[in-house]
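Work through the following exercises with the sequence and the model side by side, and try each task before reading its solution.

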Amino acid sequence: MLKPFTAYCSLLLFLSPVLLLAQTEIRGLLVDGEDRPVEFAEVLLMDADSIPLMSILAEQDGSFSLKTEPGNYLLQIRQLAEIFYFEPIEVVETAIDIGTIVIDKVYELEEMTVVGRAMRVRREVDRTVFDIEHSSASTRGDAVDVLTVTPGIQVQGEDIRMVGRSGLAVMVDGKMIRLSGEELTNFLRAIPSEDIKNIEVISTPPAKYEAIGNSGMINIQLKKARRDSWNAQLKTSYTKRVKNGNNQGASFNLNQSGLSFYASINRNYNHRLVDQDDWAYFPEEEWYVNSDLDFSGTFRSIILGAEYEISPRWKTGVGATLNKYKGGNDQTPYSAVFDRESQERIFYINTVSNRVLGSDFHSYNWFNDFALDTSGTKLSLNLDLFQFEHDDAIDYYGISANIEPRVNKYVAGVNKNDRRIDNYSAALDLSLPNSVADVETGLKFTSTTSENDITNFNSGEVLEPIEEMPLESYSFVYEEIVSSAYISASRKLNDKMEAKLGLRLEATNTDARSSGDGSNRKRNYMTLFPTAFLSYQIDESSSARFSANRRIQRPNFRQLNPNLDYTNPYQAIGGNPFLQPSFITNVELGYNYKGWDSKLYFTYQQDVFEQLAKADPETSFILFQDENYYNAYRYGISESYVFEGIDRWTSSNSFDINYTIAKSYFPGTDERTEGLIATFSTHNDFSLNASRTLIANLGLWYNFPKWEGVYKFKSQSNLSAGIQALFLDKRLSMSLNVNDILRTNEMDLEYTLNGVRQIGIYYWDHQSVRIAASYRFGNQKLRVRRNRGGNQEERNRAR
């Protein structure tokens with residue numbers, strides 16, 4: 001127990017170099033004559049000669065805060081060209097609270113907002129912030145549509161990632177949304193684009209956030225509530241692929257007398273055909289497997305939450321998320337085996353397979369925010385619980401046949417996995433702004449138990465029809481406890497330079513038990529995760545920055561589950577309870593000039609784990625299983641550009657290229673692969689009328705051929721287009737979007753393991769036409785801030 005405490009206390013010594021120069025906070029609140037917050041007013045700090053030194057915009061709740069060194073200044077508050085407040089101010093070493101400033105004449109937001117413009121960009125010491133609400137992205141539809149046009153972010157079907165990284169963590173209002181794949185996109189499609197204030201792109205996450213994740217993260221900031229108002233939204237969409245899909249949703253927000261309440265309900269039905277073709281070249285045989293999927297499923301979600309200001313210094317809230325999924329797929333896999341020399345078919349397998357999937361996800365959160373004094377000291381407490389139940393049942397049956405001599409055999413199999421995950425977490429965060437530095441520190445405790453009841457049967461090849469299937473049953477239990485502490489400090493070293501240092505300590509205890517083989521594997525480890533940021537404002541148009549951090553990628557609970565899921569007697573998919581975490585080191589050097597952003601980066605990934613198709617050349621059996629198998633080194637450059645090239649045309653563009661070296665230590669794989677990885681994207685909006693109520697868009701992303709680990713990928717791209725019309729004072733939105741117009745969003749890869757060359761070509765039915773409509777009513781100025789769960793990290797690993 002003393003080691004974590006000693007390490008935690010020593011963080012203060014580590015951060016002492018940043019505590020150099022004193023700065024004082026100036027804060028206040030702007031309201032109108034009816035005591036309503038005044039948002040987006042400009043607050044300027046000037047020297048004694050009225051020369052502006054810094055400028056900020058007031059927040060949506062009317063508050064403002066800026067920091068400077070002690071001295072005599074002039075404080076000015078204005079909106080558009082009209083000045084409402086202009087007074088001298090003496091700044092000393094203690095925080096100054098201007099108090100409430102009443103502004104009689106206020107310009108409404110609609111008078112200040114120009115829809116259809118490019119995103120405004122604000123760069124902070126540890127992130128880049130894109131202004132969504134004042135750009136054309138605010139009317140695109142939902143959060144997924146907004147991320148599609150966010151520089152540095154790439155959306156490929158159900159995969160959302162940061163350019164140059166292998167994945168992405170998603171937050172909403174600073175809290176992790178630990179979902180993945182289709183479940184994540186379903187969640188994000190329930191967030192209307194009109195509700196989004198900013199998108200924060202954090203390529204190097206600071207110490208405050210969980211160290212898990214081999215990539216950067218984004219934070220979707222929702223608009224805050226205004227007092228005494230309400231609003232609601234209804235939406236629906238229809239998607240035409242080879243099969244059809246549809247979505248319906250509704251949301252309601254209320255804020256009155258210190259009480260904020262929100263509710264949303266969403267239903268999404270997804271039906272698509274998935275093309276899957278694989279080839280395996282054994283020493284004497286060539287295998288071809290076609291395993292197309294007819295996949296369908298319905299996702300239902302209810303989100304409820306309430307926040308209440310008990311006093312000006314105490315806010316509390318509760319939230320609940322209830323998700324239910326039911327679906328499955330039908331398959332008729334066909335495997336053909338050819339003699340490699342004569343190319344004659346010598347063997348085949350025909351099977352019929354059916355899979356039934358169901359899951360229930362319940363998440364509950366209770367949070368409390370305490371303002372401990374008037375200087376900005378805050379304490380936050382989050383208590384969370386989530387429960388996840390997942391049922392997965394698959395069966396197959398069919399025949400295998402030799403061509404010459406003709407011999408028919410029978411095959412059958414059953415696999416059922418009932419999984420339950422229980423997670424409890426508590427987090428305590430403390431913010432300590434002071435004249436020396438802004439300090440953040442906190443503790444978090446997380447306990448997770450994953451229980452799996454597994455029943456299976458695999459017949460192999462038998463000569464008689466299979467009438468009985470004696471089932472084998474066993475259980476697998478995985479328990480994990482993660483205790484963490486962090487501390488970080490940031491300050492402006494002078495008018496141009498800002499620094500932020502942090503350190504996070506995580507202690508992990510795991511216990512994996514299987515009744516099948518009687519194994520019991522325990523592991524305890526403690527790791528430090530440092531972060532460092534430095535930014536330099538060269539002039540009003542340009543700045544430079546440096547960042548570095550260390551991260552960890554833990555296997556999710558499905559990847560650790562040893563259950564083997566057979567698709568035929570020669571192929572199975574299973575987890576690996578021996579997987580170890582992967583560690584990642586990131587270093588970045590960036591420069592930006594107006595709409596341009598350039599970045600040089602280096603990433604080292606140690607003990608990367610991915611799924612390998614482990615082929616046995618003697619038996620022709622292939623096991624698809626995750627393994628730790630290589631270390632990777634990436635050296636890259638990334639460019640992004642947001643501009644308004646011509647009137648009514650806005651464009652967001654990005655390009656990334658890196659040289660990757662992968663050194664594999666897994667037997668049977670290439671010891672070293674290396675090469676360039678490059679990707680390009682452009683998204684363009686065209687306002688077709690002066691009122692900007694008719695907007696067309698055109699987008700393209702392109703991934704060049706690349707090596708990734710032992711996998712060699714061919715090029716992959718997606719061309720999309722759409723048009724959107726706004727009616728009834730922009731309350732009614734209707735849109736038509738076409739995705740993957742050229743049907744080029746296809747994954748084509750190959751790799752060699754144990755001397756067996758394998759090729760896979762997969763297409764997930766991306767080509768589609770979507771028609772969508774949404775209608776907003778009530779007081780559109782109300783935006784209720786969503787509740788913030790503290791155990792989102794574990795939710796993703798439950799998937």
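**Exercise 1.** Locate tyrosine 633 in the predicted model, decide whether tyrosine 633 is buried, partly exposed or exposed, and list what tyrosine 633 touches.

*Solution.* Begin with the secondary structure, where tyrosine 633 falls within strand S35, a strand that covers residues 622-646. Next take the relative accessibility, which is 23% for tyrosine 633; because buried means under 20% and exposed means over 50%, tyrosine 633 counts as partly exposed. Then look for partners beyond the residues up to four places away in sequence, and you find that tyrosine 633 touches Phe602, Thr603, Tyr604, Tyr659, Thr660, Ile661 and Lys663. Finally, compare sequence with space: alanine 662 is 29 residues from tyrosine 633 along the chain, while the two C-alpha atoms are 6.5 Å apart.

**Exercise 2.** Carry out a similar analysis for leucine 753, and state which residues are in contact with leucine 753.

*Solution.* Leucine 753 belongs to strand S43, which spans residues 747-753. The relative accessible area of leucine 753 is 2%, so this residue is buried. Setting aside neighbours within four places in sequence, the contacts of leucine 753 are Leu612, Ala613, Lys614, Ala615, Gly668 and Thr669. For alanine 615, the separation along the chain is 138 residues, yet the C-alpha atoms of leucine 753 and alanine 615 are separated by 6.6 Å.

**Exercise 3.** Which residues make the nonpolar surface patch of about 540 Å², and how are the strands S41, S42 and S45 joined?

*Solution.* The patch is made by Tyr238, Leu688, Leu694, Ile723, Leu736, Val769 and Ile771. Consider leucine 688 as one member of the patch: leucine 688 sits in the loop between strand S37 (672-687) and strand S38 (694-703), and leucine 688 is partly exposed, with a relative accessible area of 45%.

Now turn to the strands, starting with S41 (residues 716-727) and S42 (residues 732-739), which run antiparallel and are joined by 7 bridges. Within this pairing, glycine 722 has asparagine 737 in S42 as its bridge partner. S41 and S42 form a hairpin with 4 residues between them, and in the turn leucine 728 has a positive phi of about 50°. S42 is also joined to S45 (residues 768-778) by 8 bridges, and these two strands run antiparallel. In this second pairing, leucine 736 stands opposite isoleucine 771 in S45, and both Leu736 and Ile771 appear in the list of patch members.

**Exercise 4.** In what order do the 3 strands of the open sheet that contains S1 lie, and which are the edge strands?

*Solution.* Recall first that strands of a sheet pair through backbone hydrogen bonds, either parallel or antiparallel. Here the order is S4-S1-S7, and the pairing is mixed. The edge strands are S4 (63-68) and S7 (96-103), each of which pairs on one side only. From one strand to the next, the twist averages 20°. To check one of the pairings, take S1 (residues 24-32) and S4, which run antiparallel and are joined by 6 bridges; in S4, phenylalanine 64 is the bridge partner of glycine 28.

**Exercise 5.** Examine the backbone at proline 405, aspartate 607 and arginine 692, and describe what you find.

*Solution.* For proline 405, the place is the loop between strand S24 (378-402) and strand S25 (407-433), and the peptide bond leading from glutamate 404 to proline 405 is cis, with omega near -5°. Aspartate 607 lies in strand S34 (residues 596-615) and has a positive phi of about 60° although it is not a glycine; with a relative accessibility of 22%, aspartate 607 is partly exposed. Arginine 692 has a phi near 55°, again a positive value in a residue other than glycine. Arginine 692 is found in the loop between S37 and S38, and at 9% relative accessibility arginine 692 counts as buried.

**Exercise 6.** How many helices and strands does the chain hold, and what percentage of the residues is buried?

*Solution.* The chain has 6 helices and 45 strands. Of the 799 residues in the chain, 54% are buried. For contacts between residues at least 6 apart in sequence, 67% join residues at least 24 apart. The accessible surface of the chain comes to about 34,500 Å², and 56% of this surface belongs to carbon and sulfur atoms.

Conventions: Residues are numbered from 1 along each chain as its sequence is written. This is a predicted model: local features need pLDDT of at least 70, side-chain atom pairs count only at pLDDT 80 or more; totals for chains, interfaces and linings use all residues. Side-chain values use heavy atoms; hydrogens and water are left out. Buried means under 20% relative accessible area, exposed over 50%, partly exposed in between (1.4 Å probe, protein chains only). Contact means heavy atoms within 4.5 Å. Patches are made of residues with over 30% relative accessible area and no salt bridge: like charges are joined within 9 Å, nonpolar side chains (Val, Leu, Ile, Met, Phe, Trp, Tyr) within 5 Å. Accessible areas come from the Shrake-Rupley method with a 1.4 Å probe; for residues, only the protein chains shown count as cover. A salt bridge is a side-chain nitrogen of Lys or Arg within 4 Å of a carboxyl oxygen of Asp or Glu. Two strands pair if DSSP finds at least two bridges between them. Axes are lines fitted to C-alpha atoms, for helices over the stretch in contact, and angles run from 0 to 180 degrees between N-to-C directions.
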